[in-house]
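User: I would like to learn how to read a structure like this one. Please take me through it feature by feature.

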Amino acid sequence: MALSLGPCPLLLDTKNMNELLRIENVKKYFPVRDKKVLKAVDDVTLGVQEAEVFGLVGESGCGKSTLGKLILKLFEPTGGSILFDGIDVVKARGREMSLVRKGLQIIFQDPLASLNPRMKILDAVGEGLIVNNIVKGKDVKEKVAALLEKVGISSDALGKYPHEFSGGQRQRICIARALAVNPKMIVADEPLSALDVSIQAQIINLLEELQKDSGLAFMFISHNLLAIEHFCDTVAVMYLGKIVEMSPAAELFSEPLHPYTEALLSDVLRPEFGEKRGKIILRGDVPSPISVPPGCPFHPRCHKKFEPCDTLVPVYREAKKGRWVSCHLW
């Protein structure tokens, strides 16, 4: 039987009066065959400050996108609490939910799939303005044109359809749509992965410029570690539905504490080196979230495992000031 030392009481001390988003012990379990459950998100706690760019990384299937959808209430959590700008997202209904929808926007991974192919760009971007009574009548066209100009799209696009644009242009349009209602925070769910490499840099630079100009908070979900390092203030690393490390971005990239983080970063092609340095090969595949290994979930693949790792669940603790990790090494 796997043992656990229980939740870390220090987590309660991480709250900050400037937090825009607070997630406490959030879980999302999906029922599967034979009365088993798939633990997509398992007991996640984190906070995002006003105007902070919070990065979320991990291999495919680790629960990053599911967590993003829970924040937006596109999924209902199995347990835990989500507070956005003082509103309980899980319990929000009616006017409160409208405030959440207005204050918390999303940029999806696939811009073509997230735009209605039958709606002209004017209608796609302007819909939020009309629904939220931000502008009306002829002012909608003027406001949408200004939003498109802000993200680098000509006002000539107003009467066109999504299929008439490139992938990068469509993502810029989706960014304009997210900005339309003046949100306080944007969840960017893999916004670069469907784009060519040359376009990815343009989009991340655009997001950085918009964040600095407007003071937006971001939850930036991505596999692109160089983009995460460049854009994010804080980074959380997920593995099998849990956060295994959370740290200021600069410190995480210069000194990863968790062996999983170390392995992820070893595969980053750093421009200043011109090559990969000290690549760590992880053994085996990611275990199934339906049958999580006992002890530390990462121990079957860990290059630094030792005796307690296969039986004792590590506590998520503050290993260094402002740096949290779930690992027996700490």
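Analyst: The turns below go from the sheet to a helix beside it, then to the surface and the charged pairs. Keep in mind that this is a predicted model.

User: How many strands does the open sheet have, and what is their order?

Analyst: Start from the general idea: strands of a sheet pair through backbone hydrogen bonds, either parallel or antiparallel. Here the open sheet has 8 strands in the order β7-β8-β9-β4-β10-β11-β14-β13, and the pairing is mixed. At the edges are β7 (104-107) and β13 (316-320), each of which pairs on one side only. From one strand to the next, the twist averages 25°.

User: How many bridges join β8 to β9, and do these strands run parallel or antiparallel?

Analyst: Strand β8 (residues 185-189) and strand β9 (residues 217-221) run parallel and are joined by 5 bridges. One pair to look up is Met185, whose bridge partner in β9 is Ala217.

User: Which strands does α6 lie across?

Analyst: Helix α6 lies across β7 and β8, and its direction is at about 175° to that of β7. A residue to follow in α6 (residues 167-179) is Ile175.

User: Is Ile175 buried or exposed, and what is it in contact with beyond its sequence neighbours?

Analyst: Ile175 has a relative accessible area of 1%, so it is buried, the cut-off being under 20%. Setting aside neighbours within four places in sequence, its contacts are Ile107, Val151, Ile203, Leu206, Leu207 and Leu210. As a check on the fold, compare chain distance with distance in space: Ile175 and Gln105 are 70 residues apart along the chain, and their C-alpha atoms are separated by 9.6 Å.

User: Why is helix α1 described as largely enclosed?

Analyst: The count of buried residues decides it: 6 of the 8 residues of α1 (residues 64-71) are buried, so the rest of the structure largely encloses this helix. The buried residues are Lys64, Thr66, Leu67, Gly68, Leu70 and Ile71. Just after α1, Lys73 takes a positive phi of about 60°.

User: Which residues make the nonpolar surface patch?

Analyst: Phe306, Leu329 and Trp330 make a patch of about 280 Å². Leu329, in the segment after β14 (323-326), counts as partly exposed because its relative accessibility is 40%.

User: How many salt bridges does the structure hold?

Analyst: The general idea is that side chains of opposite charge can pair when their charged atoms come close. This structure holds 12 salt bridges. One of them joins Lys212 and Glu208, with the closest N and O atoms 3.7 Å apart. Lys212 and Glu208 are 4 residues apart in helix α7 (residues 197-214), so about one helical turn separates them. Lys212 counts as exposed at 61% relative accessibility, whereas Glu208 counts as buried at 17%.

User: Where do Glu255 and Lys320 lie in the chain?

Analyst: Glu255 and Lys320 form a salt bridge, with closest N and O atoms 2.7 Å apart. This pair links distant parts of the chain: Glu255 is in the loop between α9 (249-254) and α10 (259-265), and Lys320 is in strand β13, 65 residues apart. Both residues count as partly exposed, Glu255 at 35% and Lys320 at 31%.

User: Which residues are linked in a network of salt bridges?

Analyst: The network links Glu245, Glu251, Glu255, Lys320 and Arg323. Within it, Arg323 and Glu255 meet at 3.5 Å, N to O. Arg323 belongs to strand β14 and is 68 residues from Glu255. Arg323 is buried, with a relative accessible area of 2%.

Conventions:
Residues numbered from 1 in each chain as written. Predicted model: local features only at pLDDT ≥ 70, side-chain atom pairs only at ≥ 80, totals over all residues. Heavy atoms only, no water. Helix = DSSP H or I, 4+ residues; strand = E, 2+ residues; numbered from the N terminus. Buried < 20%, exposed > 50% of the residue type's maximum accessible area, 1.4 Å probe, protein only. Contact = heavy atoms within 4.5 Å. Pairing = 2+ DSSP bridges. Axes fitted to C-alpha atoms, helices over the stretch in contact; angles between N-to-C directions. Patch = residues over 30% accessible without salt bridge, like charges linked within 9 Å, V, L, I, M, F, W, Y side chains within 5 Å. Areas by Shrake-Rupley, 256 points an atom, 1.4 Å probe, with all protein chains shown as cover. Salt bridge = Lys/Arg side-chain N within 4 Å of Asp/Glu carboxyl O.
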